[in-house]
Structure formats: structure tokens, C-alpha cells
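This report looks at a buried strand and its neighbours, at a pocket, and at a few loop residues with notable surroundings or backbone angles. Please read it with the sequence and the structure side by side.

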Amino acid sequence: MKVYKTQLIKTVYDIEDLPPPDKKEVAFAGRSNVGKSSFLNAILGIKIAKVSSTPGKTRSINYYLVNDKYYFVDLPGYGFANVSKQEKERWNILMNEYFKNRFSLNAVSLLIDHRHMPQKLDYAMVEWLKDLGIPFLFILTKSDKLKKSEKDKLFKDIKSSFSTYGEYIYLPFSSKTKEGLKEVLKTIGEILGDNDWS
């Protein structure tokens with residue numbers, strides 16, 4: 001698919017405030033330091049998601065209307081350290097309600113830092129999505145920061161570490177060099193049933 005129009009239409013802190021589930025949507029999840037905002041800016045082609053030097057700033061579910069047809073949903077980063085127990089619990093409730101009840105959700109793109117092996121919370125997210133029967137794929141961010149030999153080895157190791165959960169799509173990506181951009185948009189387009197590149 002080709003992204004030609006994007007607008008932030010809603011910032012949601014409470015599940016009751018979600019927009020009507022009248023459009024197909026793809027959500028983006030990942031640890032709070034995985035580079036999700038930079039990734040979204042890259043695939044949307046404009047600087048619309050706020051990039052912060054402090055990981056985990058996104059505490060809301062942000063809804064982007066793409067091409068007037070689809071929602072790209074920026075979920076709060078997980079694994080943030082400097083928040084209260086109450087805030088973490090609020091996040092858990094918000095995410096649980098979203099995943100369980102959002103019937104217009106087609107898939108989740110799970111962002112993993114290509115430079116490191118997945119962490120405990122990454123596996124927990126995979127198990128959560130699997131338990132709920134939500135389709136997902138992996139996007140390996142910050143690929144430009146690795147030498148080719150490192151990139152190839154970590155790609156195999158990361159894929160192997162998730163292999164017990166099943167077969168999934170793995171897409172290396174760099175917000176800086178735009179490596180993997182076309183592949184990501186093609187995959188999202190296939191998920192949404194949109195193969196328009198015109």
C-alpha cells in the first residue's frame with residue numbers, strides 16, 4: 001500500500017473513548033525504547049508521532065487515520081521503569097480491554113530492537129497476543145546500527161527464540177535509512193487487503 005494522507009484523529013486514555021470500530025486497523029506495539037515513534041514517522045512519511053529522548057512517553061493509544069480508510073494505532077510502549085505501580089496497572093487494564101474487545105483490529109506489528117535478543121516482556125506480549133488469537137508479525141528496528149554479519153546472526157537468533165510460538169513474518173527495518181520500508185508497507189497492505197501503489 002501507499003500512504004498518501006495521514007492525520008492524528010484521537011488520543012485515547014480510557015477505553016470508552018476509542019473511535020467507532022468502523023475501519024480496519026493495524027496496531028503497533030513494542031518496548032518503550034524500541035523506536036516506535038521514529039518507525040511510525042518513517043512509514044507514514046511525515047513527522048507526526050512525537051519522538052522523545054525519554055523512552056515510554058506515550059501513555060495513550062494514538063489513532064492515525066491513513067488514506068481516509070484505515071487506522072494505524074500507536075499503542076503505549078511497555079517496559080517503562082519510571083512510572084508508578086498505579087500507572088502500570090492502568091496501562092495493563094487499557095491494553096487488556098483494547099486487545100480483547102477491538103474487533104476491527106486486523107493484526108499487531110510487534111517491534112523488537114534488532115540489536116538485542118528479546119526480553120521477558122517481549123515474550124509476555126507474544127504469549128498475550130497468542131492467547132487472545134490476535135495475528136501479529138515482528139518488525140526488527142534499528143537495523144542500520146548493525147554490521148551485516150551481526151544483523152544476519154541476530155536475525156536468525158531472534159527468529160529462533162520465538163520459534164516455539166509458531167511461524168511468523170520478520171521484517172528488518174531502519175527509520176534512518178528506510179531499509180525495509182517497502183516490505184513493511186506491502187505486508188501491512190496485504191493484511192488490510194490494500195495493494196494500491198498508485
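## A buried serine ahead of β3

S60 sits in the loop that leads from α1 (36–44) to β3, and in this predicted model its relative accessible area is 5%, so S60 counts as buried, the limit being under 20%. The side chain of S60 makes a polar contact of 2.9 Å with the side chain of N62. When neighbours within four places in sequence are left aside, the residues in contact with S60 are T11, V12, Y13, D74, L75 and P76.

## Positive phi outside glycine

Two loop residues deserve attention for their backbone angles. N67, which is not a glycine, has a positive phi of about 55°, and its place is the loop between β3 (61–66) and β4 (70–74). With a relative accessible area of 3%, N67 is buried.

K142 is likewise a residue other than glycine with a positive phi, in this case near 60°, and it belongs to the loop that lies between β6 and α4.

## Strand β6 and its enclosure

How many of the residues of β6 are buried? The count is 6 of the 6 residues, so the strand is largely enclosed by the rest of the structure. In a regular strand, side chains alternate between the two faces of the sheet. For β6 both faces are covered, since F136, F138 and L140 on one side are buried, as are L137, I139 and T141 on the other.

T141 belongs to β6, which spans residues 136–141, and its relative accessible area of 3% places T141 among the buried residues. The side chain of T141 reaches the backbone oxygen of V34 at a distance of 2.9 Å. Apart from residues up to four places away in sequence, T141 touches V34, L111, I112, D113, H114 and F173.

## Pairing and crossovers around β6

Strand β5 (residues 105–113) runs parallel to β6, and 6 bridges join the two; one of the pairings within this arrangement sets L111 against its bridge partner I139 in β6. Between these strands the chain passes through helix α3 (residues 120–132), and the resulting β-α-β crossover from β5 to β6 is right-handed.

β6 also runs parallel to strand β7 (residues 170–172), to which it is joined by 3 bridges, and here I139 stands opposite L171. The chain goes from β6 to β7 by way of helix α4 (residues 148–161), in a β-α-β crossover that is right-handed. I139 therefore takes part in the pairing on both accounts, as the bridge partner of L111 and as the residue opposite L171 in β7, while being one of the buried residues of a strand that is largely enclosed.

## The second largest pocket

Rolling a probe the size of a water molecule over the atoms shows where empty space is left. The second largest pocket has a volume of about 210 Å³. Of the 10 residues that line this pocket, Y78, G79, W91, N92 and L121 are the closest to its centre.

Which elements give two or more residues to the lining of this pocket? They are α2 (85–101) and α3, and the largest share, 4 residues, comes from α3. Helix α3 thus appears twice in this account, both in the lining of the second largest pocket and in the right-handed crossover from β5 to β6.

Notes:
Residues are numbered from 1 along each chain as its sequence is written. This is a predicted model: local features need pLDDT of at least 70, side-chain atom pairs count only at pLDDT 80 or more; totals for chains, interfaces and linings use all residues. Side-chain values use heavy atoms; hydrogens and water are left out. Buried means under 20% relative accessible area, exposed over 50%, partly exposed in between (1.4 Å probe, protein chains only). A polar contact is a pair of N or O atoms within 3.5 Å; within protein, one must be able to donate a hydrogen and the other to accept it, and residues adjacent in sequence count only if both atoms are side-chain atoms. Contact means heavy atoms within 4.5 Å. Two strands pair if DSSP finds at least two bridges between them. A crossover is right-handed if, with the strands pointing away from the viewer, the path from the first strand over the helix to the second runs clockwise. On a 1 Å grid over the protein atoms alone, a cavity is a set of points where a 1.4 Å probe fits but cannot get out, and a pocket is an open set with protein on both sides within 12 Å along at least five of seven lines; lining residues have an atom within 4 Å of a point. Grid points are joined across faces, edges and corners, and a volume is the space filled by probe spheres set on the points.
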